[in-house]
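Here are a few short exercises to work through with the model open beside you. Try each task before reading its solution.

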Amino acid sequence: MDYSDKIDEAIARLHEEGRYRTFIDIERRNGQFPHAVWTRPDGTKQNITVWCGNDYLGMGQNPVVIEAMQEALQATGAGSGGTRNISGTTVYHKRLEVELADLHGKEAALLFTSAYIANDATLSTLPKLFPGLIIYSDALNHASMIEGVRRNGGAKRIFRHNDVDHLRELLAADDPAAPKLIAFESIYSMDGDFGPIEAICDLADEFNALTYIDEVHAVGLYGPRGAGVAERDRLMHRLDIINGTLAKAYGVMGGYIAASAKMCDAIRSYAPGFIFTTSLPPAVAAGAAASVAFLKRSPELREKHQAQAKALKLRLKGLGLPLIDHGSHIVPVMVGDPVHTKLLSDMLLQEYGIYAQPINFPTVPRGTERLRFTPSPVHGPEEMDALVHAMDGLWSHCALNRAEAAG
């Protein structure tokens, strides 16, 4: 076999399908986000506005977070020096886990290097703790959850997205004595729809199942203290394991689970994804702890974030754009074709200095390609006006081109 040719063929397929992904080289500048500098392929630089980042509240440039990171960096140096088990647990890691446990009203929390690893490691480890475990997973769960369920080697059932009746059928068909766990999300980040948390908790009670919720796109953003949709709906006490991230609303890096002390201890002791991974740098843990603590007492940021999302949706709907709106902060504009999505993204960047990465398969199903905008409290009226103006002109331009091509 010619390995080089096979690589060329695989990459060529992505180009042919219009879903080859390119990295945009941008330089975030402290205090100026969402503005950044894009380095073009020819080396020249252009000022741009980022409209697709996950730093939902601009906490990545919050002075409280930066100061905490600087203090920890000066005190401890750059890295943690090892895994959590071997010299990599510091006062900063423990302080962050205490903050997270308090945030979710749980006995304990366990810190991972990312929410992806937290999902994968936890879900793949649970069958070691509960032999014969059956995991019931929502069809649109994140890739990290899918991977964890796939790798655990146990039984799995996939229920149709947010379909509680289908979930009930699957639960009822299995041995009542078998251990069970229902895995789902609070907000599905591509469409922005909410999971039916209360209804799933009711089924879990009825069929004696554990519950596992991914609140990655909700922590920091929903609830009185930012613990997520489950806090907003007063349901946190009914959830056994809560997964969250520190890399989105909290503006830093890392992921975690919050659960009973016994559950966290068991995952800590059995999950290879936790045991064999170097821990987060202390400075990162310090910044994350400061961010979590700050947002517990900053509801006004969450309120402004929601207001920005509603305003952008209203204005894009006014242009007649095909927008999905489930009432969350996610703003997806449906294009439905990978080539056209990439074209819109390129033109926004090159002609208007607006960065919105195209979302293509396998992140979303084929035929549902989209641009996904993420308004934040640091996007001002001028930035929003510029985006709406650009989308108005480009959407009409692309629609005309599609019509001519079809003709």
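The exercises below concern a predicted model.

**Exercise 1. Helix packing**

Task: Classify the packing of helix α4 against helix α9, and describe the residues in the contact.

Solution:
- Start with the geometry: α4 (residues 115-129) and α9 (residues 261-270) pack at an angle of about 100 degrees, and their axes are 10 Å apart.
- Angles of 65 to 115 degrees count as roughly perpendicular, so α4 is roughly perpendicular to α9.
- Next, find the partners. Helix α4 contributes Thr122, Thr125, Leu126, Lys128 and Leu129, while α9 contributes Met263, Ala266, Ile267 and Tyr270.
- Finally, sort them by class: the contact of α4 with α9 has six nonpolar residues, two polar ones and one charged one.

**Exercise 2. Unusual backbone geometry**

Task: Which peptide bonds, one ending at Pro34 and one at Pro362, should you inspect, and where do these prolines sit?

Solution:
- A useful reminder is that most peptide bonds are trans.
- The bond from Phe33 to Pro34 is cis, with omega near 20 degrees. Pro34 belongs to the loop between β1 (26-28) and β2 (35-39).
- The bond from Phe361 to Pro362 is also cis, with omega near 10 degrees. Pro362 belongs to the loop between β15 (358-359) and β16 (370-373).

**Exercise 3. Two asparagines**

Task: Describe the phi angle of Asn162 and of Asn208, then decide whether each side is buried, partly exposed or exposed.

Solution:
- Keep in mind that most residues other than glycine have a negative phi.
- Asn162 has a positive phi of about 60 degrees, and its place is the loop between β6 (155-159) and α6 (164-173).
- Asn208 has a positive phi of about 55 degrees; look for Asn208 in the loop between α7 (197-206) and β10 (209-214).
- For exposure, the cut-offs are under 20% for buried and over 50% for exposed. Asn162, at 23% relative accessibility, is therefore partly exposed, whereas Asn208, at 64%, is exposed.

**Exercise 4. The surroundings of Ile242**

Task: Place Ile242 in its strand and list its contacts beyond its sequence neighbours.

Solution:
- Ile242 is part of strand β11 (residues 241-245).
- With a relative accessible area of 0%, Ile242 is buried.
- Leaving out residues up to four places away in sequence, Ile242 touches His104, Lys106, Ile213, Glu215, Met236, Tyr256, Ile257 and Ala258.
- To compare sequence with space, take Ala109: Ile242 and Ala109 are 133 residues apart in sequence and 9.1 Å apart in space, C-alpha to C-alpha.

Notes. Residues are numbered from 1 along each chain as its sequence is written. This is a predicted model: local features need pLDDT of at least 70, side-chain atom pairs count only at pLDDT 80 or more; totals for chains, interfaces and linings use all residues. Side-chain values use heavy atoms; hydrogens and water are left out. Axes are lines fitted to C-alpha atoms, for helices over the stretch in contact, and angles run from 0 to 180 degrees between N-to-C directions. Helices (H or I, at least four residues) and strands (E, at least two) are DSSP runs, numbered from the N terminus. Angles under 35 degrees count as roughly parallel, over 145 as roughly antiparallel, 65 to 115 as roughly perpendicular and the rest as oblique. Contact means heavy atoms within 4.5 Å. Ala, Val, Leu, Ile, Met, Phe, Trp, Tyr, Cys and Pro count as nonpolar, Asp, Glu, Lys and Arg as charged, and the others, Gly among them, as polar. Buried means under 20% relative accessible area, exposed over 50%, partly exposed in between (1.4 Å probe, protein chains only).
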